[in-house]
Amino acid sequence: MAYVDRTIFSGILYFLIISSCPYLHVHCKVGDEGYISLQISEKGLNFVKDLVVKEAVSSLTPLHLPQVEKPVKIPFLGTVQIVLSNITINHIDLPSSIIKTGQSGITLATSSATANLTMAWRYSYSSWLLPIDVSDQGDASIQVDGMEVGLTLSLENQQGNLKLSLLECGCYVRDISIQLNGGASWLYQGVADAFNEDIISSVEDAVSNKIKDGIIYADSLLKSVPKEIPIDNVAAINVTFVNDPMFSDSSFELEIDGLINANDETVVSSLQKEVKEDSNSCEGLNKMIWISLHEKVLVSAVSVYFEADMMQWVVDQLPDQSLLNTAGWRYIVPQLYKKFPNDDMKLNISISSTPTIKIERQNIDVTVDLDMTVYVVNFGELVPVACISTMISATGFPKISMHKLGGSVKLTGFAMDLKWSEIGSLHMTLIKTFVSATLKTVVLPYLNILLWEGFPLPSFHGYELRNAEILSDNSKFMICSDVASKS
């Protein structure tokens, strides 16, 4: 496929796939399983339209047109065969364009467009009346005025993928003017108008055909979009399209499954037809983009990693490293220090059940049950000494500041029970008090410093989020943001 077709396709994808462009509204609906719907508003469509028009102009120029030959009557010579070659559209200006959506799909139209073309001309004439051949050649500039281009696209769901179809496409040129240069062009200028209709028809056909080629290529790419996108070697997000796209008078909406699956699972949509609409917390903020994520998506991700035995860690470093030496516990667990004096320790932490996640108003509550196995490094050998069952409840307060996603975490619940011990009974009340104090004074402050520094918000194809805010309510959190070019 020619490069120009791929470029047109990239513009078309702004309509269909590039959902994180400005003014995109991303809503989440909930049935028995969570899923994500992508809605582009009227303002969003206008923004995307401008991007598509810009891409289309760059892809259509230069555009080479077929050679034109025609017999023309020239003063003093009679009728000769003139050849127009290297006809090239070098520049297109589209000052006005509109985009509309409706039950039939998406319509894009431009009007009052102009274009500049160049070409070469030549002729050769011989006759028994003349002793020598007569020929001439030169170049010409062409001005196209009143060009209109329109197309209507339809989208439908075919077994979880989108099918793009071109319902209508056309190009109309109102008028052109030709200025011949070179040779005895002053002599032939009067006959240049004889080529107007041929050049107009050539321009109209070339533009229409290039758009059709781009749509065909776009449809083939849409068919190749995978139904899941790997996150890593464990999990993937299900991006199967659900239902046909929904068009209104000023917007259209796409729905995807949106849940996290294990990589070895068959990707099928488990969504139910009956769903509950959520409220739009961003409506009063006048932002360009709304990104909403339901807690069920987070729960699905946590469940996949838990079932894959990926939620276990070995801890051999802490902000206060003395906590990982038996000497630091000599007064809390004296028998540990007595049996293993001044030995280093390691913790094997494994989640014992799927964590619970609940998004509340302005915060996220998380409860984790875990088993913490304590090892002592004795002469290079890991010796298990005890296993403690632990429950930790925390509340997170997400915040966006200076293009970074961060926030803070607060401990809200903590419990510990001894599962087994190789060093005798332990004073669990004392251990719990000490560990709780350590979490609050050492671990959480260190974690909050990292969260305060934050993580950069994602950028996309040269665009980034600006003036973003994050809200949480009704089992979901939503990022409300403007979008601007990184340049």
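**Helix α7 and its surroundings**

L447 lies in helix α7, which covers residues 428–453, and the model shown here is predicted.

Reader: Happy to start there! Is L447 buried, partly exposed or exposed?
Author: Residues between 20% and 50% relative accessible area count as partly exposed. L447 has a relative accessible area of 33%, so this leucine is partly exposed.

Reader: Which residues form a nonpolar patch on the surface with L447, and with about how much accessible area together?
Author: Good one to look up in the viewer. The partners of L447 in this nonpolar surface patch are Y446 and L450. Together, Y446, L447 and L450 have an accessible area of about 260 Å².

Reader: How many aromatic pairs does a search of the whole structure find, and how is the pair of W329 and F434 arranged?
Author: The search of the whole structure gives one aromatic pair. The ring centres of W329 and F434 lie 5.0 Å apart. Their planes stand at 75 degrees, and angles over 60 count as edge-to-face, so the W329–F434 pair is edge-to-face.

Reader: How many residues apart in sequence are the parts that this pair ties together?
Author: F434 sits in helix α7, while W329 is in the loop between β16 (312–315) and α6 (334–339). The pair therefore ties together parts whose separation in sequence is 105 residues.

Reader: And W329 itself, buried or exposed?
Author: The cut-off for buried is under 20% relative accessible area. Its partner F434, at 25%, is partly exposed. W329 has 13% relative accessibility, so this tryptophan counts as buried.

Note on methods. Residues numbered from 1 in each chain as written. Predicted model: local features only at pLDDT ≥ 70, side-chain atom pairs only at ≥ 80, totals over all residues. Heavy atoms only, no water. Patch = residues over 30% accessible without salt bridge, like charges linked within 9 Å, V, L, I, M, F, W, Y side chains within 5 Å. Areas by Shrake-Rupley, 256 points an atom, 1.4 Å probe, with all protein chains shown as cover. Salt bridge = Lys/Arg side-chain N within 4 Å of Asp/Glu carboxyl O. Helix = DSSP H or I, 4+ residues; strand = E, 2+ residues; numbered from the N terminus. Buried < 20%, exposed > 50% of the residue type's maximum accessible area, 1.4 Å probe, protein only. Phe/Tyr/Trp six-rings, centres within 6.5 Å; stacked < 30°, edge-to-face > 60°.
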